[in-house]
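Dear colleague,

Please find below the sequence and structure that I am handing over to you. A short account of what was found follows directly after them.

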Amino acid sequence: MGSSPSKQLITSPIDDEKRALAADLVADIASLRVAAPMSADGSLTKSTISSWESNVTRDPKTVLARTILQHTDIRSTLTSRTARTADVHIFNNVVDFKTGPITNQKSSGRCWIFSTTNVLRYPIMKALKLDKFELSQSYLFFWDKLNKANYYLELSIEHADLPVDDRLINHLSNDLVSDGGQWDMAVNLVERYGIVPQAIFPESTHSSLSGPLNELVKTKLREHALILRRLSSSLRASSTSENVVVSTLRAKKEDLMKEIYTILTATLGAPPPADEKFSWEYTDADGKFGKWEGTPLEFSKTFASKPYPISESFSLINDPRNAYSKLYTVDKLGNIWGARPVLYVNTEIENLKVVVVKMIKAGQPVFFGCDVGKFSDPVGGIMDTALFQYELAFDITLGLTKADRLQTNESAMTHAMVISGVHLDDNGKPLRYKVENSWGEDRGDKGYFVMTDAWFEQFVYQIVAPKAYVPKALVEVYESGEKVVLPAWDPMGALA
């Protein structure tokens, strides 16, 4: 699939920015006045606190804040009426087809699967003239969970020589079968297993309530990893050849994985095999009966490959810590062993906006990843950097940049959703975005959120787009395959 003609890329002079920052730092240091601390040993003394208290109680605004905020939630009390009034659910550009129903991931971290299936159902519902339809999120969830278990044990075999307390081993064993994921992981699942309607593989208790299942699976996998490490040590101590060591470990791993498969099929159900036929009956929006027969892979090929194959879409990210117009991946991040890695093309935030607007105008919904918990109202469905008046109430300045937040673990991708509309001003500049969430119809405007452009700039990290909508130069970066490998614990490895 070729790339469409694109506007000139917006580039930032990174070296100039670094020089400017260095100059500012020198100026700041030069202006510092050396002052003696109130506590020479660094502890918090009574006199220090007394001094603070004296200053604070002389400020009427702070006294008023103390009177009010000790008895109320600071978020609801400090919500800006101006922001709430401005953040209306009205958009002058929306995709040309509305899907339904609003989905609900319930007590699970499957937002990326819901966002993927919410995007994929658009062409299916249009083709079959359906007014309500869901793909099976549980189907992809099952295969993802099973493959992540295998992925972790393969990494345990690969790095069996490292100490258990090595930083990498510690990181890998922390959240080894997370509910979260990334776009490329979804591509891996769809290409390997296909997709099915939710009626074919419905929700279970533990697809919607994944915590107890995850706890059990993690416990067993950590035990399995230690078994493999001990076996590896024993085999290598006996001077066994490397090929035999790996073969023996993988045979043992397969025995152990049978336990994970047993747990997953008991709690989630046994999904239909990717190459076996199923029969699905439905009625369209006019009440007309329909029937489809085929395999999950055939269902995916028939419907989800239009207008663009899922493999033709890739991730654009905005990560100001790192150089733009480069391809990035995260070490040891994946779900299906040996499949497509997680890849990101890093670019300026304005390029993400341009692609989003282009896709919405073309009727294409946009998968995106963000930090949903920052400056947002999950009940009212508002994401706005001006939503809470913390600075006014506490006489503070929140000065972290987007790069600062990533560097200090203040922010990362925590949630995936779908952009289905955008409101543009008279000059074509985005003002706000319509967002389809997966938290049920009782959130936001019947399940839809509104996201301001300022919030997009600060807390959106990723969008996914077909190559046809991406500037040609960025497609070339993606297709070059020349990637920078970020460490396994990098914030870009956070799973939405």
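Please note that this is a predicted model. I begin with one contact and then turn to the interior and the surface.

The side chains of Ser232 and Arg236 are joined by a polar contact of 2.3 Å. Ser232 belongs to helix α11, which covers residues 211–237. With a relative accessible area of 2%, Ser232 counts as buried, because the cut-off for that term is under 20%. Leaving aside residues up to four places away in sequence, Ser232 touches Ala160 and Leu249.

As to the interior, the largest nonpolar core comprises 78 residues. Ile195, Leu221, Trp280, Phe299 and Met492 have the most contacts inside this core. Helix α7 (residues 137–158) makes the greatest contribution to the core, namely twelve residues. Around Ile195, the residues touched include Leu120, Ile124, Tyr139, Pro296 and Phe299, again not counting residues up to four places away in sequence. Another core, of 41 residues, lies apart from the largest one; among its members are Met383, Trp455, Val470 and Val477. In soluble globular proteins, nonpolar side chains tend to be buried together.

On the surface, a nonpolar patch is formed by Met38, Leu44, Ile49 and Trp52. Together these four residues have about 460 Å² of accessible area. Trp52 is located in helix α2, residues 46–56. The relative accessible area of Trp52 is 45%, so this residue is classed as partly exposed, between the limits of 20% and 50%.

Yours sincerely

Definitions and conventions: Residues numbered from 1 in each chain as written. Predicted model: local features only at pLDDT ≥ 70, side-chain atom pairs only at ≥ 80, totals over all residues. Heavy atoms only, no water. Patch = residues over 30% accessible without salt bridge, like charges linked within 9 Å, V, L, I, M, F, W, Y side chains within 5 Å. Areas by Shrake-Rupley, 256 points an atom, 1.4 Å probe, with all protein chains shown as cover. Salt bridge = Lys/Arg side-chain N within 4 Å of Asp/Glu carboxyl O. Helix = DSSP H or I, 4+ residues; strand = E, 2+ residues; numbered from the N terminus. Buried < 20%, exposed > 50% of the residue type's maximum accessible area, 1.4 Å probe, protein only. Polar contact = N/O pair within 3.5 Å; in protein donor to acceptor, adjacent residues only side chain to side chain. Contact = heavy atoms within 4.5 Å. Core = buried A, V, L, I, M, F, W, Y, C linked by side-chain atoms within 4.5 Å.
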